Amino acid sequence: AVTAAVEFVRLTHPHPQLDKYVSLYAEVLHSTLNGACLRQQAEAALRSPVLDTWQTCLPYMERVAGFPKPSEEKLKVHQSAVASLGLACYTKGALSSLFYLAHEYYDDFEGGVLTNTNCGGENCNRGAALGALLGAAAAHQGRAIPQAWKHGLVGTHSLVTQLLEDGLSPPQPAQMD
């Protein structure tokens with residue numbers, strides 16, 4: 001699965017330095033999907049030679065431990081951590097922020113997704129990857145993703161079917177002369 005993920009990403013992002021990051025994320029996702037503890041997987045990723053940011057994360061983790069969950073104080077610490085680790089889409093920083101949040105919210109899908117959103121920066125892509133990890137962990141912890149988070153989502157198949165029934169067609173590519 002990890003090799004397939006790396007090969008797939010190479011189709012659109014053929015940069016050799018990217019392989020180690022894709023492999024790291026794919027390994028954690030695959031392990032979590034198969035029942036491994038997300039918190040342990042996130043810690044291992046942060047300690048890995050690929051990221052090596054565990055020591056940077058520790059002071060933030062120690063600070064949030066004293067605050068109630070959820071709280072404005074806790075959110076401010078997480079925002080500082082993500083800003084320090086990487087708010088932008090640069091791969092090492094983005095993955096460090098992602099695994100920091102996964103470590104802190106390994107058992108709280110909703111809290112993790114909301115905190116990620118409130119941390120700002122490149123939160124859309126980070127949120128999609130974080131949501132996959134938190135969702136996989138929730139499934140193995142016997143907790144469902146809240147229905148409110150799934151309400152209104154539609155699959156592509158039903159959307160395409162509806163477009164065809166309505167007589168709409170996708171845009172056609174421009175003709176080359």
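Here is a short walk through this structure, from its overall build to a few charged pairs. Keep in mind as you look that the model is predicted.

Let's start with the backbone. The protein chain contains 10 helices and zero strands, so if you follow the chain from the N terminus, the elements read α-α-α-α-α-α-α-α-α-α. How do the parts of this chain touch one another? Taking contacts between residues at least 6 apart in sequence, 64% of them join residues at least 24 apart.

Next, the surface. Of the 177 residues in the protein chain, 36% count as buried. The chain exposes about 10700 Å², and carbon and sulfur atoms supply 58% of that area.

If you work with cysteines, you may want to know how many disulfides there are. The structure holds zero. Two cysteines are still worth finding on the model. Cysteine 37 has a relative accessibility of 33%, which puts this residue in the partly exposed class. Cysteine 124, with a relative accessible area of 60%, is exposed.

Now to the charged side chains. Side chains of opposite charge can pair when their charged atoms come close. In this model the count of salt bridges comes to four, and three of the pairs are described here, beginning with arginine 10 and aspartate 19. The closest N and O atoms of arginine 10 and aspartate 19 are 2.5 Å apart. Arginine 10 is partly exposed at 40% relative accessible area, while aspartate 19 is buried at 18%, because buried means under 20%.

Another salt bridge brings together the side chains of arginine 39 and glutamate 104, at 3.9 Å from N to O. Arginine 39 sits in helix 3 (residues 38-47) and glutamate 104 in helix 6 (residues 91-104), so this pair ties together parts that are 65 residues apart in sequence. Are these two partners buried or exposed? Arginine 39 counts as partly exposed, at 30% relative accessibility, whereas glutamate 104 counts as buried, at 13%.

For the last pair, look at the loops. Lysine 69 forms a salt bridge with aspartate 107, and their closest N and O atoms are 3.6 Å apart. Lysine 69 lies in the loop between helix 4 (54-64) and helix 5 (72-85), and aspartate 107 lies in the loop between helix 6 and helix 7 (109-119), so the bridge ties together parts 38 residues apart in sequence. Lysine 69 is partly exposed, with 44% relative accessibility, and aspartate 107 is partly exposed too, with 31%.

Methods
Residues numbered from 1 in each chain as written. Predicted model: local features only at pLDDT ≥ 70, side-chain atom pairs only at ≥ 80, totals over all residues. Heavy atoms only, no water. Disulfide = S-S within 2.5 Å. Buried < 20%, exposed > 50% of the residue type's maximum accessible area, 1.4 Å probe, protein only. Helix = DSSP H or I, 4+ residues; strand = E, 2+ residues; numbered from the N terminus. Contact = heavy atoms within 4.5 Å. Areas by Shrake-Rupley, 256 points an atom, 1.4 Å probe, with all protein chains shown as cover.
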